[in-house]
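Q: Got a minute to go through this one with me? I'd like to get a feel for the fold before I do anything else.

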Amino acid sequence: MAQRDGIISGVAPGEATAAYLDRVVSLTTVIGAVYLTALQLIPEVFDLYGIGLPYSMVVNGGAALVVVCTALDIKAQVRDVSLTNPGGVRR
């Protein structure tokens, strides 16, 4: 396996780096999920107060949710492959 000499300042190499990256990805995922939830609830809040919204806003919010879910699924699949085939080396 080739070493890339990549470092993250302030983080020890090895397991600490993996844990740090996992924490960053998890935090980013949570922030994205909260944002998408808020995006999906905006039309509901306006509807609650009797304010009509253009149909395109409701549709675009759903489309954003589908795109993000697809990206998260692809990320999970890539992670599964990388765990079963470390370093991306084909045998």
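A: Sure. One term to settle up front: a residue is buried if its relative accessible area is under 20%, and exposed if over 50%, with partly exposed in between. Also, this is a predicted model.

Q: Okay, so which residues of α1 are buried?
A: Thr17, Leu36 and Pro43 are the buried residues of α1.

Q: And what fraction of the whole chain is buried?
A: Buried residues account for 4% of the 91 residues in the chain.

Q: How much area does the chain expose, then?
A: About 7700 Å², and carbon and sulfur atoms supply 65% of that.

Q: Let's back up. How many helices and strands does the chain have?
A: Two helices and zero strands. Helix α1 covers residues 15-48, and α2 covers 55-84.

Q: What should α1 span, going by its residue count?
A: With 34 residues at 1.5 Å a residue, α1 should span 50 Å. Its end C-alpha atoms are 49 Å apart, so the two values agree.

Q: Where does α1 bend?
A: At leucine 41, by about 30 degrees. A proline, proline 43, follows within four residues. Proline 43 is also one of the buried residues of α1.

Q: Back to threonine 17. Why does it count as buried?
A: Its relative accessible area is 18%, and the cut-off is under 20%, so threonine 17 qualifies.

Q: What is threonine 17 in contact with?
A: Ile8, Val11 and Ala12, leaving aside neighbours within four places in sequence.

Q: What about tyrosine 20, what does that touch?
A: Tyrosine 20 lies in α1 too, and it touches Ile8 and Val11, not counting residues up to four places away in sequence. The C-alpha atoms of tyrosine 20 and isoleucine 8 are separated by 9.2 Å, and the two are twelve residues apart along the chain.

Q: So is tyrosine 20 buried or partly exposed?
A: Partly exposed, because its relative accessibility is 30%.

Q: Switching topic: which residues form the nonpolar patch on the surface?
A: Leu41, Ile42, Val45, Phe46, Leu48, Tyr49 and Ile51, with about 700 Å² of accessible area together. Leu41 is also where α1 bends.

Q: Where is isoleucine 51 found?
A: In the loop between α1 and α2. At 44% relative accessibility, isoleucine 51 counts as partly exposed.

Q: And what does glycine 50 do just after α1?
A: Glycine 50 takes a positive phi of about 80 degrees there.

Conventions. Residues are numbered from 1 along each chain as its sequence is written. This is a predicted model: local features need pLDDT of at least 70, side-chain atom pairs count only at pLDDT 80 or more; totals for chains, interfaces and linings use all residues. Side-chain values use heavy atoms; hydrogens and water are left out. Buried means under 20% relative accessible area, exposed over 50%, partly exposed in between (1.4 Å probe, protein chains only). Contact means heavy atoms within 4.5 Å. Patches are made of residues with over 30% relative accessible area and no salt bridge: like charges are joined within 9 Å, nonpolar side chains (Val, Leu, Ile, Met, Phe, Trp, Tyr) within 5 Å. Accessible areas come from the Shrake-Rupley method with a 1.4 Å probe; for residues, only the protein chains shown count as cover. A salt bridge is a side-chain nitrogen of Lys or Arg within 4 Å of a carboxyl oxygen of Asp or Glu. The expected span of a helix is 1.5 Å times one less than its number of residues. The bend at a residue is the angle between axes fitted to the seven residues ending there and the seven starting there.
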